[in-house]
Amino acid sequence: TGSGKTALLQQLMQKGEAVVDLEHLASHKGSAFGSINMPPQPSQEMFENKLALALLNAVKMTKQKTNPAIWMEDESQRIGTVNIPGELFRTMRLSPLVFLDIPFEKRLDYIVQDYGKGDIERLAAAISRIEKRLGGLETKNATRLLMDGDISSCFAILLRYYDKWYGKSLDQHRPLVGEKFLALPRPGTDAASNATAVLQTAGMLNREKIN
């Protein structure tokens with residue numbers, strides 16, 4: 001969370017890589033806060049139509065490459081009100097996974113810039129939607145900080161929450177990919193340099209397969 005994955009995907013596209021941006025297709029960023037600063041979501045049918053076209057274009061691009069790959073963000077199956085089709089989601093869960101390991105403070109700065117200008121009432125409503133898992137006290141503290149204008153401290157509570165839940169998801173995901181899981185420590189959220197590092201890491205994985 002807060003590692004700049006969407007910006008990284010855009011950088012990969014600029015480098016000529018095949019990319020399917022699921023959050024863009026779904027018009028949602030995949031969390032309780034995912035609809036903020038996003039247009040209305042498509043219907044499930046429209047989402048699947050857009051997804052099919054994006055996949056078709058991505059597959060065409062991979063045919064021109066020595067080491068073909070289609071890059072996607074590691075999403076949950078449900079993105080807001082739409083769902084990734086089951087067969088595609090199962091394929092994603094078994095595919096090589098690059099984990100961007102970026103320091104907490106750098107990621108916090110990134111999400112403050114990304115969400116910090118959002119509508120306060122919508123942010124407060126999103127916090128209330130995760131109260132059951134966040135806990136009553138942390139929900140109260142986060143909401144108070146938000147209303148007091150201390151966005152950074154509010155988001156620090158939320159980021160620790162999402163790190164905890166994503167960590168649990170990652171623990172379930174890693175055994176499925178085995179040696180295809182690659183942790184990539186990075187100093188910050190600069191999308192251009194992180195995209196270069198991701199491609200280099202993927203290249204190492206391909207060479208290991210060949211050897």
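A polar contact, as I use the term today, is a pair of nitrogen or oxygen atoms within 3.5 Å, and within protein one of the two must be able to donate a hydrogen and the other to accept it. With that in mind, please look at the start of helix α6 in this predicted model, where a side-chain oxygen of aspartate 119 reaches to within 3.1 Å of the backbone nitrogen of glutamate 121.

Let us stay with α6 for a moment and ask which of its residues are buried. They are Leu123, Ala124, Ala126 and Ile127, and seen down the axis of α6 these buried residues fall within an arc of 160°, so they line one face of the helix. On the other side of α6 you will find Glu121 and Arg129, which are exposed. As for what covers the buried residues of α6, the list includes α5, α7, which runs over residues 131-134, α8, which runs over 136-147, and α9.

One of these partners, α8, deserves a closer description. The axes of α6 and α8 are 10 Å apart, and the two helices pack at an angle of about 175°; they are therefore roughly antiparallel to each other, since angles over 145 degrees count as such. On the α6 side the residues that take part are Ile120, Glu121, Leu123, Ala124 and Ile127, and they meet Thr139, Ala142, Thr143, Leu146 and Met147 of α8.

Next comes α5, which spans residues 104-115 and so has 12 residues, reaching 16 Å from its first C-alpha to its last, close to the 16 Å expected at 1.5 Å a residue. Its buried residues are Arg107, Leu108, Ile111 and Tyr115, and they cover an arc of only 105° around the axis, which puts them on the same side of α5. Among the elements that cover these buried residues are α6 and α9, the latter running over residues 151-177.

That brings us to α9 and to a residue within it, histidine 173. Is histidine 173 buried or exposed? At 1% relative accessibility histidine 173 counts as buried, because the cut-off for that word is under 20%. Its side chain is joined to the side chain of aspartate 74 by a polar contact of 3.5 Å. If we leave aside its neighbours within four places in sequence, histidine 173 is in contact with Asp74, Met92, Arg93 and Leu97.

Met92 and Arg93 also appear where α4 and α9 come together: along with Leu94 they meet Ser169, His173, Leu176 and Val177 in α9. Here the packing angle is about 80° and the axes are 8 Å apart, and α4 and α9 are therefore roughly perpendicular to each other. In the loop between α4 and β5 sits proline 96, which is partly exposed, with a relative accessible area of 43%. The C-alpha atoms of proline 96 and isoleucine 130, 34 residues apart along the chain, are separated by 30 Å.

I will finish with the backbone in the loop between α2 and α3, which holds both serine 27 and asparagine 37. Most residues other than glycine have a negative phi. Serine 27, however, has a phi near 55°, a positive value in a residue other than glycine, and asparagine 37, which is not a glycine either, has a positive phi of about 65°. As for accessibility, serine 27 counts as buried at 7%, whereas asparagine 37, at 49%, counts as partly exposed.

Note on methods
Residues are numbered from 1 along each chain as its sequence is written. This is a predicted model: local features need pLDDT of at least 70, side-chain atom pairs count only at pLDDT 80 or more; totals for chains, interfaces and linings use all residues. Side-chain values use heavy atoms; hydrogens and water are left out. Helices (H or I, at least four residues) and strands (E, at least two) are DSSP runs, numbered from the N terminus. The expected span of a helix is 1.5 Å times one less than its number of residues. Buried means under 20% relative accessible area, exposed over 50%, partly exposed in between (1.4 Å probe, protein chains only). The arc is that of the directions from the helix axis to the C-beta atoms. Contact means heavy atoms within 4.5 Å. Axes are lines fitted to C-alpha atoms, for helices over the stretch in contact, and angles run from 0 to 180 degrees between N-to-C directions. Angles under 35 degrees count as roughly parallel, over 145 as roughly antiparallel, 65 to 115 as roughly perpendicular and the rest as oblique.
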